[in-house]
Amino acid sequence: MKVLNKILTVIIVVAFFASCQKTPTTSFTSSNDKPIAGEKVTFTNTTKDGSTYEWNFGDNSTVSTDNSPVHSYDLDGTYTVTLTAKSKNGKKSNVSTATITVSTPKIKAICNKNWKMVSATISPSLNIGGVT
């Protein structure tokens with residue numbers, strides 16, 4: 001009987017500690033929460049106690065399991081980005097969300113009477129290959 005009690009005690013202790021994983025504290029930042037359509041946005045995962053990650057970018061694109069993915073949006077609109085983090089055993093999870101507002105650039109050109117462009121502005125400014 002003493003041996004059976006010891007075995008049961010060991011099983012209970014092992015089961016208890018195996019389930020003592022922390023719930024992840026999910027959080028992330030983005031390099032730009034107001035990008036222009038087509039611009040790459042880097043999402044930096046700052047989650048504590050997470051083991052696996054799932055990113056939903058809110059635009060019906062493929063879900064990413066990268067730790068800190070890079071994503072671009074093809075169309076203007078407002079998107080909700082959702083990060084789900086799971087503990088090592090996958091039994092505990094937490095979710096964090098953020099809103100990304102994507103716009104399309106507006107181009108204003110001023111031409112003279114001969115239809116020669118004399119000035120142009122792109123708003124908001126777009127940095128392509130180091131040229132703004």
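This passage walks through the strands, aromatic rings and nonpolar core of a predicted model.

A good place to begin is with the sheets. Strands of a sheet pair through backbone hydrogen bonds, in either the parallel or the antiparallel sense. One open sheet in this model is built from three strands in the order β1-β2-β4, and its pairing is antiparallel. Its edge strands are β1 and β4, the latter covering residues 70–72, and each of them pairs on one side only. On average, neighbouring strands of this sheet are turned by 25 degrees against each other, with direction ignored. Three bridges hold β1 and β2 together in the antiparallel sense. Within this pairing, Ser30 finds its bridge partner in β2, namely Phe43.

Another open sheet also has three strands, this time in the order β3-β5-β6, again with antiparallel pairing. Here β3 and β6 (93–102) are the edge strands; each has a single partner strand, so one side of each is left without a neighbour in the sheet. From one strand to the next, the twist averages 15 degrees. Strand β5, residues 77–86, is joined to β6 by 10 bridges, and the two run antiparallel. Gly77 stands opposite Val102 of β6.

Ser96 offers a closer look at strand β6, where this residue lies. With a relative accessible area of 17%, Ser96 falls under the 20% limit and therefore counts as buried. Beyond its neighbours within four places in sequence, Ser96 is in contact with Thr26, Ser27 and Phe28, and also with Val81, Thr82 and Leu83.

The aromatic rings come next. A pair of such rings is described by the distance of the centres and the angle of the planes. Searching the whole structure gives six aromatic pairs. In one of them, the ring centres of Phe28 and Trp55 are 5.0 Å apart and the planes meet at 75 degrees, so this pair is edge-to-face. The two residues come from distant parts of the chain, 27 residues apart: Phe28 belongs to strand β1 (residues 28–30) and Trp55 to strand β3 (residues 52–56). Both partners are buried, Phe28 at 13% relative accessibility and Trp55 at 0%. Tyr73 and Tyr79 make a stacked pair, with 4.6 Å from centre to centre and 25 degrees between the planes. These tyrosines are buried too: the relative accessibility is 1% for Tyr73 and 12% for Tyr79. Ring pairs also link Phe28 and Trp55 with Phe43 and Phe57 into a cluster.

That cluster leads on to the nonpolar core. In soluble globular proteins, nonpolar side chains tend to be buried together. The largest nonpolar core of this model has 13 residues, of which Phe28, Phe43, Trp55, Phe57, Tyr73, Val81 and Ile100 touch the most other members. At least two core residues are supplied by each of β2 (40–45), β3, β5 and β6. The most come from β5, which gives four.

Phe43 shows how these parts meet. Leaving out residues up to four places away in sequence, Phe43 touches the aromatic residues Phe28, Trp55, Phe57 and Tyr73, together with Val81 and Ile100. Its other contacts are Thr29, Ser30, Ser68, Pro69 and His71. Phe43 is thus met as the bridge partner of Ser30, as part of the ring cluster and as a member of the largest nonpolar core.

Conventions
Residues are numbered from 1 along each chain as its sequence is written. This is a predicted model: local features need pLDDT of at least 70, side-chain atom pairs count only at pLDDT 80 or more; totals for chains, interfaces and linings use all residues. Side-chain values use heavy atoms; hydrogens and water are left out. Rings of Phe, Tyr and Trp (its six-membered ring) pair if their centres lie within 6.5 Å; planes under 30 degrees apart count as stacked, over 60 as edge-to-face and the rest as tilted. Buried means under 20% relative accessible area, exposed over 50%, partly exposed in between (1.4 Å probe, protein chains only). Two strands pair if DSSP finds at least two bridges between them. Axes are lines fitted to C-alpha atoms, for helices over the stretch in contact, and angles run from 0 to 180 degrees between N-to-C directions. Contact means heavy atoms within 4.5 Å. A nonpolar core is a set of buried Ala, Val, Leu, Ile, Met, Phe, Trp, Tyr and Cys residues joined through side-chain atoms within 4.5 Å.
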